[in-house]
Amino acid sequence: MAIGDTCTAGRNVSALSVDAARLLAVAAVARVSGTERLALEDACGRVLADAPRARTNLPPFDNSAMDGYAVRIGDFEGAGPYRFRLSERIIAGDTRPVHLEKGTAARIFTGAPIPKGADAVIMQESVTRRGNVIEIATPPRLGLNIRREGEDRRQDEPVLPRGLRLTPPRLALLAAAGLADVPVHRRLRVGLCSTGNELRNPGQTLDHGQIYNSNRVMLRSLMAEPWIAMTDHGILPDDPDAIRSAIRQASASNDIVISSGGVSAGEEDHVLDALKREDATLEVLKVAIRPGKPLTIGRVGRALFVGLPGNPYAAAITFLQIARPALRKAAGLLEEIDNWIPAVSGFDYSRKVGRREYLPVTWDERDALGRPILRRLDRGSSASLGPIALAKGIAVIDPDVGRVLPGSSLQVEPLLCS
Ligand SMILES: Nc1nc2c(c(=O)[nH]1)N[C@H]1C(S)=C(S)[C@@H](COP(=O)(O)OP(=O)(O)OC[C@H]3O[C@@H](n4cnc5c(N)ncnc54)[C@H](O)[C@@H]3O)O[C@H]1N2
Ligand code: MOO
């Protein structure tokens, strides 16, 4: 459901489920269109814009997986033990074309090319060697300890699909397939604003009634991704014109604008009015989520505007659950984050039904099935940062659950805490 700008009822709208709000946010953004080519060394954390093709077979030739002896299976005739004279010595990097003489073996090392005619490698620990002759007790199976040419990737085959975040192993695979550079999506331009007359930056002195801006560093750090180019538009006062002009400017120069504060129902909460005056298409106004119910998402020109609630825990949860999937889509990422783990409650918690709730939790032990036994870190009031700062994860409680009993199953989404 998209709520058009004819809706003047402010927060008198029914709350969307978390899943519906996430879908609307994701649907409201398009993938960035620009791409650039980067050397592999500069591409870690960036998003693959195409499926690069292997320049070579991987591995490029049949090679030995062990230090040992290359043999021909056909030479194992009759009953053992079997004796072979060593006719060759092949080390890694040997570029000679070698043909293994019938009835002989080749001394070979890990990574060295398999000589023509050989079809197994016996590791040296399984062989008795006397001078230039080896003795083998039983015949090997075909292909033993041989890494086949092209078994990882064939030349001209796609090495990786587009839309993947380039991680160290993915970059290594691209390098192994002979690629020196890769096409990546341009960085997603994200603008950040903090709204509130009460905000000062850490390091400044506080007057009575003022607080430190904690959302800024939290959101900047949550978005410290190689695929994001962040512009911090600073602290905006609770002034309708200032907020409107900041939204207009930030939306003209960014793909996505994220603000915190000023989205609830009070007359000093100006974000919604500013969006309406900027002719925004409003997508999300209220979500059945705890914390974070007042969440405002709309399109301003070509940009997506995400007005997170000011309360820090609510800002963190709504960012992670609803804004981040939209950012990931816009950046071209096609892999979803699906890292929840099954857990079991170690607490008794009664609550009002209706909203999906995210509780900060930790754990010190696991049950017989290996599931973490969750311990609550306070109620996780939407204004407090202590619980989420110490949490190992966030437990998810479905909207219709009124009581969580010890021993009941819960999903937990791990937080990176180490
Ligand atoms: N009458 C109603 N009041 C409120 C409602 C409501 O539905 N009706 N919703 C409550 C809920 S739930 C939340 S969450 C907050 C959301 O408020 P806003 O997004 O409008 O945010 P503010 O009022 O500007 O601030 C809320 C709170 O957070 C502090 N804050 C704001 N920005 C920062 C920052 N950058 N760093 C640290 N702390 C920040 C601010 O000082 C306030 O204490 O509204 C409830 N009220
Ligand atoms: O729903 Mo608010 O964001 O928790 O306090």
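**A buried glutamate, a helix and a bound ligand**

A polar contact of 2.8 Å joins the side chain of Glu357 to the side chain of Tyr349, and this pair is a convenient place to enter the structure, which is a predicted model. Glu357 belongs to strand S22, the run of residues 356-366. Because its relative accessibility is 2%, and buried means under 20%, Glu357 counts as buried. Leaving aside residues up to four places away in sequence, Glu357 touches Arg290, Tyr349, Arg351, Arg379, Ala395, Val396 and Ile397, so that Tyr349, the partner in the polar contact, appears again in this list of neighbours.

From this residue one can step back to the protein as a whole, which is divided into four domains. Domain 1 is made of residues 18-33 together with 186-330, and domain 2 of residues 37-57 together with 155-185. Domain 3 covers residues 63-147, whereas domain 4 covers residues 341-414. Taken over C-alpha atoms, the centres of domain 2 and domain 3 are separated by 35 Å.

The next stop is helix H2, which runs over residues 168-176 and in which Arg170, Leu171 and Leu174 are buried. These three residues lie on the same side of H2, because the arc they cover around the axis is only 100°. Which residues, then, are exposed on the face of H2 turned away from its buried side? That face carries Pro168 and Pro169, both of them exposed. On the other hand, the cover over the buried residues of H2 includes strand S10, formed by residues 181-185. After H2 comes Gly178, a residue whose phi is positive, near 95°.

The path ends at ligand 1, which is surrounded by 20 residues, the closest being Glu198, Asn213, Val263, Ser264 and Gly310. Two of the approaches to the ligand involve its oxygen atoms: a polar backbone atom of Val263 is 2.8 Å from an oxygen atom of ligand 1, and a polar backbone atom of Ser264 is 2.7 Å from an oxygen atom of ligand 1. A nitrogen atom of ligand 1 takes part as well, lying 3.1 Å from a backbone N or O atom of Ser214. How much of the ligand does the protein bury? Taken alone, ligand 1 exposes 860 Å², and the protein buries 69% of that area.

Terms used: Residues are numbered from 1 along each chain as its sequence is written. Chains are lettered from A and ligands numbered from 1 in the order in which they are written. This is a predicted model: local features need pLDDT of at least 70, side-chain atom pairs count only at pLDDT 80 or more; totals for chains, interfaces and linings use all residues. Side-chain values use heavy atoms; hydrogens and water are left out. Domain bounds come from an automatic or database domain assignment. Buried means under 20% relative accessible area, exposed over 50%, partly exposed in between (1.4 Å probe, protein chains only). Helices (H or I, at least four residues) and strands (E, at least two) are DSSP runs, numbered from the N terminus. The arc is that of the directions from the helix axis to the C-beta atoms. Contact means heavy atoms within 4.5 Å. A residue is near a molecule or strand if one of its heavy atoms lies within 4 Å of it. A polar contact is a pair of N or O atoms within 3.5 Å; within protein, one must be able to donate a hydrogen and the other to accept it, and residues adjacent in sequence count only if both atoms are side-chain atoms. Accessible areas come from the Shrake-Rupley method with a 1.4 Å probe; for residues, only the protein chains shown count as cover.
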